[in-house]
Amino acid sequence: MRIYLHKSRPFIRRLIDQKLGDTCFICGGRVNLAAHRIDGKRHTKLLSLSLKTVQKQLDSGLYVRLCYACHKATHWCMTRLGFTWEKIVDLYWLHGAARSARCPVTAQVEGSNPSGAAISE
């Protein structure tokens with residue numbers, strides 16, 4: 001029996017929640033969550049892949065759960081500043097492991113954020 005892609009999406013969403021959790025790794029948020037590939041390489045959205053392929057991808061340990069804001073900030077740091085995932089995690093733990101509404105990564109990067117506006121402390 002073949003499961004068509006649109007019918008397998010609820011299973012894939014549950015699998016992602018089970019493997020990666022249902023909170024943002026950086027801020028602890030629970031809405032607008034995405035799966036971020038930590039090596040920064042482009043990838044196909046997990047929801048558009050087959051269930052078997054998603055299982056393999058998630059078992060590889062290359063993904064982490066991030067909310068939209070932290071995901072955008074993470075990509076900004078990786079693209080604009082050349083940060084690796086390890087550098088972002090180091091900054092996160094160094095500058096405030098306590099979860100807050102503001103992403104600690106971009107707050108510490110030269111006083112700016114992904115939108116380019118200065119952050120006042």
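The following paragraphs describe the secondary structure, the surface and the nonpolar cores of a predicted model.

The protein comprises five helices and two strands. Read from the N terminus, these elements follow the order α-β-α-β-α-α-α. Contacts across the sequence show how the chain is brought together. Among contacts in the protein with a separation of 6 or more, 66% join residues 24 or more positions apart.

As to exposure, the protein has 121 residues, of which 35% count as buried. The exposed area of the protein is about 7,900 Å², and carbon and sulfur atoms supply 53% of that area.

The interior may be considered next. The largest nonpolar core consists of 16 residues. Within this core, the residues with the most contacts are C24, I26, L66, C70, W85 and I88. At least two residues of the core come from each of β2 (63-67), α3 (68-80) and α4 (85-94). Of these contributions, that of α4 is the largest share, with five residues.

L66 offers a useful point from which to examine the surroundings of this core. Leaving aside residues up to four places away in sequence, L66 touches C24, F25, I26, N32, L33, A34, H36, H71, T74 and W85. Of these partners, C24, I26 and W85 are, like L66 itself, among the residues with the most contacts inside the largest core.

A second core, separate from the one just described, contains 10 residues. Its members include L15, L46, L49 and L58.

Notes. Residues are numbered from 1 along each chain as its sequence is written. This is a predicted model: local features need pLDDT of at least 70, side-chain atom pairs count only at pLDDT 80 or more; totals for chains, interfaces and linings use all residues. Side-chain values use heavy atoms; hydrogens and water are left out. A nonpolar core is a set of buried Ala, Val, Leu, Ile, Met, Phe, Trp, Tyr and Cys residues joined through side-chain atoms within 4.5 Å. Buried means under 20% relative accessible area, exposed over 50%, partly exposed in between (1.4 Å probe, protein chains only). Helices (H or I, at least four residues) and strands (E, at least two) are DSSP runs, numbered from the N terminus. Contact means heavy atoms within 4.5 Å. Accessible areas come from the Shrake-Rupley method with a 1.4 Å probe; for residues, only the protein chains shown count as cover.
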